[in-house]
Amino acid sequence: RLQDEDELARIIPLVGRFPVTVTDIKHTESLSVEEPFRLVTVGDKQTIVPLPGWQAILKAIDPVAILWPSDQLPRSIATRSEEVLLVIDRVLSEWDVNNYYLVEKDNAVFLQWFDSSPDVTILGELVLILRAKNILDEKNITEPWQMDD
């Protein structure tokens, strides 16, 4: 039996891969969850991504995910460019100096931090940046006799 919320995955709809349009973001359907097993019904052409039940993910009201190149982020998070997963909460569109936002300007979508209230359309608040897993030897985890070493 699962005991903790962080053991339960949250299924989040994927908008697409950078570059995305405002239409892509606005027309990605929200998912409804049926308890107690967190069942999710997905449309025919909807892509989803499961994420751990971390507090930031569970707090998000209307999250969507976007695949984004790390060299296109406002601040570099890596020495080499890699694809990362952004989680954006579309409900949070009120400016706060402590957050990054997905914004629209001149029909382009990008991430930005603002030191004062912006004059661009805020599409949502950045909740999480997730790098892909990096397991050196994936075969090793499936063989229990090697895990004890």
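Which residues make a nonpolar surface patch of about 250 Å²? The patch is made by Ile-61, Val-91 and Leu-92. Of these residues, Leu-92 is found in the loop between β6 and β7, and with a relative accessibility of 31% it counts as partly exposed. Keep that loop in mind, as the tour will come back to it. Please also remember throughout that you are looking at a predicted model.

Let us step back and take in the whole chain. The protein is built with 4 helices and 9 strands. If you walk along the sequence, these elements follow one another in the pattern β-α-β-β-β-α-β-β-β-β-β-α-α. Of the 149 residues in the protein, 34% are buried. The surface that the protein exposes comes to about 10,200 Å², and carbon and sulfur atoms supply 49% of it. There is also a way to see how the chain comes back to itself: among contacts between residues at least 6 apart in sequence, 59% join residues that are at least 24 apart.

Now for the sheet. Strands of a sheet pair through backbone hydrogen bonds, and they can do so in a parallel or an antiparallel way. Here, 7 strands form an open sheet with mixed pairing, in the order β4-β1-β5-β6-β9-β7-β8. At its edges you will find β4 (48-51) and β8 (108-113), each of which pairs on one side only. On average, neighbouring strands of this sheet are turned by 40° against each other, direction ignored. To look at one pairing in detail, find β6 and β9, which pair in the antiparallel sense over 6 bridges. Within the view of these strands, Ile-88 stands opposite Leu-126 in β9.

Next come the charged side chains. Side chains of opposite charge can pair when their charged atoms come close. How many salt bridges does the count come to? The count comes to 3, and each can be visited in turn.

Start with Glu-83 and Arg-17, which form a salt bridge whose closest N and O atoms are 2.6 Å apart. Glu-83 lies in strand β6 (residues 83-89) and Arg-17 in strand β1 (residues 10-17), so this pair ties together parts that are 66 residues apart in sequence. Glu-83 itself counts as partly exposed, at 36% relative accessibility.

Move on to Asp-62, which forms a salt bridge with Arg-90; here the closest N and O atoms are 3.0 Å apart. This pair links distant parts of the chain, 28 residues apart: Asp-62 is in the loop between α2 (55-59) and β5 (63-69), while Arg-90 is in the loop between β6 and β7 (100-105). Are these two residues buried or exposed? Both Asp-62 and Arg-90 are buried. The loop between β6 and β7 is where we met Leu-92 at the start.

In the remaining salt bridge, the side chains of Arg-131 and Glu-82 meet at 2.9 Å, N to O. Again distant parts of the chain are linked, with Arg-131 in strand β9 (residues 121-131) and Glu-82 in the loop between β5 and β6, 49 residues apart. The partners differ in their surroundings: Arg-131 is partly exposed, with a relative accessible area of 44%, whereas Glu-82 is buried, with a relative accessible area of 15%.

Finally, turn to the backbone. Most residues other than glycine have a negative phi, and most peptide bonds are trans. With that in mind, where is there a cis peptide bond? One joins Phe-18 and Pro-19, with an omega of about 0°. Pro-19 lies in the loop between β1 and α1 (22-27).

The loop between β7 and β8 is worth a visit too. Asp-106 has its place there, and although Asp-106 is not a glycine, its phi is positive, at about 55°. Asn-107 is in the loop between β7 and β8 as well, and Asn-107 has a positive phi of about 60° although it is not a glycine. As for their place relative to the surface, Asp-106 is exposed with a relative accessible area of 71%, and Asn-107 counts as exposed at 71% relative accessibility.

How values were computed: Residues numbered from 1 in each chain as written. Predicted model: local features only at pLDDT ≥ 70, side-chain atom pairs only at ≥ 80, totals over all residues. Heavy atoms only, no water. Helix = DSSP H or I, 4+ residues; strand = E, 2+ residues; numbered from the N terminus. Buried < 20%, exposed > 50% of the residue type's maximum accessible area, 1.4 Å probe, protein only. Contact = heavy atoms within 4.5 Å. Areas by Shrake-Rupley, 256 points an atom, 1.4 Å probe, with all protein chains shown as cover. Salt bridge = Lys/Arg side-chain N within 4 Å of Asp/Glu carboxyl O. Patch = residues over 30% accessible without salt bridge, like charges linked within 9 Å, V, L, I, M, F, W, Y side chains within 5 Å. Pairing = 2+ DSSP bridges. Axes fitted to C-alpha atoms, helices over the stretch in contact; angles between N-to-C directions.
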